[in-house]
Protein chains: 2
Amino acid sequence: MAHADNGRTRILDSAAAVLRQKGLAGAKLSEIAKGAGMLAPSIYHHFPSKDHLVEEVMMEGIYRNNRHIMSRVEGMGPGTSPMVRLRTAIVAHVDFLLTGDDYSSAVARIFDDLPEEMRKRVLAAYSSFDNYWRDLIVAAQADGTGSKALDATVVRKFLIAMLDSCSSWYRPGKLSPAQIAEQAADLLLFGFAAERP
Amino acid sequence: MAHADNGRTRILDSAAAVLRQKGLAGAKLSEIAKGAGMLAPSIYHHFPSKDHLVEEVMMEGIYRNNRHIMSRVEGMGPGTSPMVRLRTAIVAHVDFLLTGDDYSSAVARIFDDLPEEMRKRVLAAYSSFDNYWRDLIVAAQADGTGSKALDATVVRKFLIAMLDSCSSWYRPGKLSPAQIAEQAADLLLFGFAAERP
DNA sequence: GTCTATAATCAGATAGAC
DNA sequence: GTCTATCTGATTATAGAC
């Protein structure tokens, strides 16, 4: 929450919000600048190009999501079972997206559209996060509560795609973010559980 | 397979392939034209604008996917249980995406980036398909094999997001498209099943 | 650190020959 | 039905005043 209200931070916040909502090509510098209370050319005093700005939003989004989920999971104590840890991670991820972190939502939205070179760098930063999910899944398979019939990589890809999607279709109404998060965890974890009907 | 090799069809095929791979903004008319063996301005003899071309690709993608899944499910006969029908639909959807239909993959990739007005029209065309999934889910809940604790809309959204994602991360190798499809069905359907461990 | 020009670029679209 | 040449508009980026 160390939110210095300087120009640079305002630009990043605005860029995250616009990227989340409009996608990469749809996010015009003029609109980002407007959200930061300035005009487009002023951005260049803080960032050398649109690409640099976008990349910083991506890195920040990964960092925030990563930190949020890890702190929720690690806060449970060392004795917690893999399945409970996995559930906590799923709920934390959905909750974080839906309660409005623009940075992590922007990552989910535009990652596939990033230019080749940037995507490689962002992917590298993302890999520690990816490994974290993989470890949770593998740990559940190792202790016998997660199905070994399912491929850990496939489970991780499907899981993340499913969770990331919710920021694009969720609208407040019948169900709260917390309820969506619980349904996601139920749908995935009973499916991933080793004991089958 | 009525594949008339006329210019119009070649342009549509090329557009679907490029849109699938590069996204909406990344799909340049020059590249689409190149894939159709012509130069960019020639496209305008067949389509009044890029938007019209893109919209036609979207409509065709929805139609193809729709027809493919429905024919596989309806081919099972009227006595088939809702859960088995749902499994068939899931497998058919993943299989269709991964065995390379550019049109349906293009829909999954660029739908969120479409301009507002076009997205409304495409969504309207998509709704019959959406309803088809919803009916399958609701039928399984009604006969007691699908969990009533889960919201049918949430299940549908998560399910489609999960399935659609695979065309962006799947690479031939360890697992075949058919195996990915089976894993998706297992993960989702055991999670959706009413009887819980 | 932000502004008012303005340049440079690029992609969609048009005109008209063949 | 496709081409070459060109136009238009939008958007990123720069120059230089304040």
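How many salt bridges are counted between chain A and chain B? The count is 4 salt bridges. This is a predicted model. The points below take the pairing of the chains, then their contact, then the DNA.

1. **Symmetry.** Chain A superposes on chain B by a rotation of 180°. The shift along the axis is 0.0 Å, and the RMSD is 0.1 Å. The two copies are thus related as by a two-fold rotation axis. Which residue of chain A comes closest to that axis? A:Gly191 does, with its C-alpha at 1.8 Å.

2. **Shared surface.** Of the interface residues of chain A, 100% are also interface residues in chain B, so the copies meet through the same surface. Chain A brings 32 residues to the contact, and chain B brings 32 residues.

3. **Buried area.** The size of an interface is often given as the accessible area lost when the parts come together. Here, about 3000 Å² is buried between chain A and chain B. Carbon and sulfur atoms give 70% of that area.

4. **Charged and polar pairs.** The salt bridges between chain A and chain B number 4. In one salt bridge, the side chain of B:Arg109 meets that of A:Asp113, at 2.7 Å from N to O. Between the two chains, 10 residue pairs are in polar contact, counting pairs with both residues at pLDDT 80 or more.

5. **Elements at the contact.** Two helices of chain A, helix 7 (152-169) and helix 8 (177-192), each supply at least two residues of the side that touches chain B. Helix 7 of chain A gives the largest share of that side, 10 residues. By class, the side of chain A that touches chain B has 19 nonpolar, 4 polar and 9 charged residues.

6. **Around DNA strand C.** The strand is surrounded by 14 residues. The closest come from both chains: A:Leu39, A:Ser42, A:His46, B:Tyr44 and B:Lys50. The surface near DNA strand C divides into 7 nonpolar, 4 polar and 3 charged residues.

7. **Backbone or bases?** Of the atoms of DNA strand C within 4 Å of the protein, 71% belong to sugar or phosphate. The rest belong to bases.

8. **Phosphate contacts.** Which part of A:Leu39 lies 2.7 Å from a phosphate oxygen of DNA strand C? It is a polar backbone atom of A:Leu39. B:Lys50 also places a polar backbone atom by a phosphate oxygen of the strand, at 2.8 Å. For A:His46, an N or O atom in the side chain is 2.9 Å from a phosphate oxygen of DNA strand C.

How values were computed: Residues are numbered from 1 along each chain as its sequence is written. Chains are lettered from A and ligands numbered from 1 in the order in which they are written. Side-chain values use heavy atoms; hydrogens and water are left out. Copies are superposed by least squares on the C-alpha atoms of residues with pLDDT of at least 70 in both. Contact means heavy atoms within 4.5 Å. Buried area is the accessible area (1.4 Å probe) that two parts lose on being put together, summed over both. A polar contact is a pair of N or O atoms within 3.5 Å; within protein, one must be able to donate a hydrogen and the other to accept it, and residues adjacent in sequence count only if both atoms are side-chain atoms. Helices (H or I, at least four residues) and strands (E, at least two) are DSSP runs, numbered from the N terminus. Ala, Val, Leu, Ile, Met, Phe, Trp, Tyr, Cys and Pro count as nonpolar, Asp, Glu, Lys and Arg as charged, and the others, Gly among them, as polar. A residue is near a molecule or strand if one of its heavy atoms lies within 4 Å of it.
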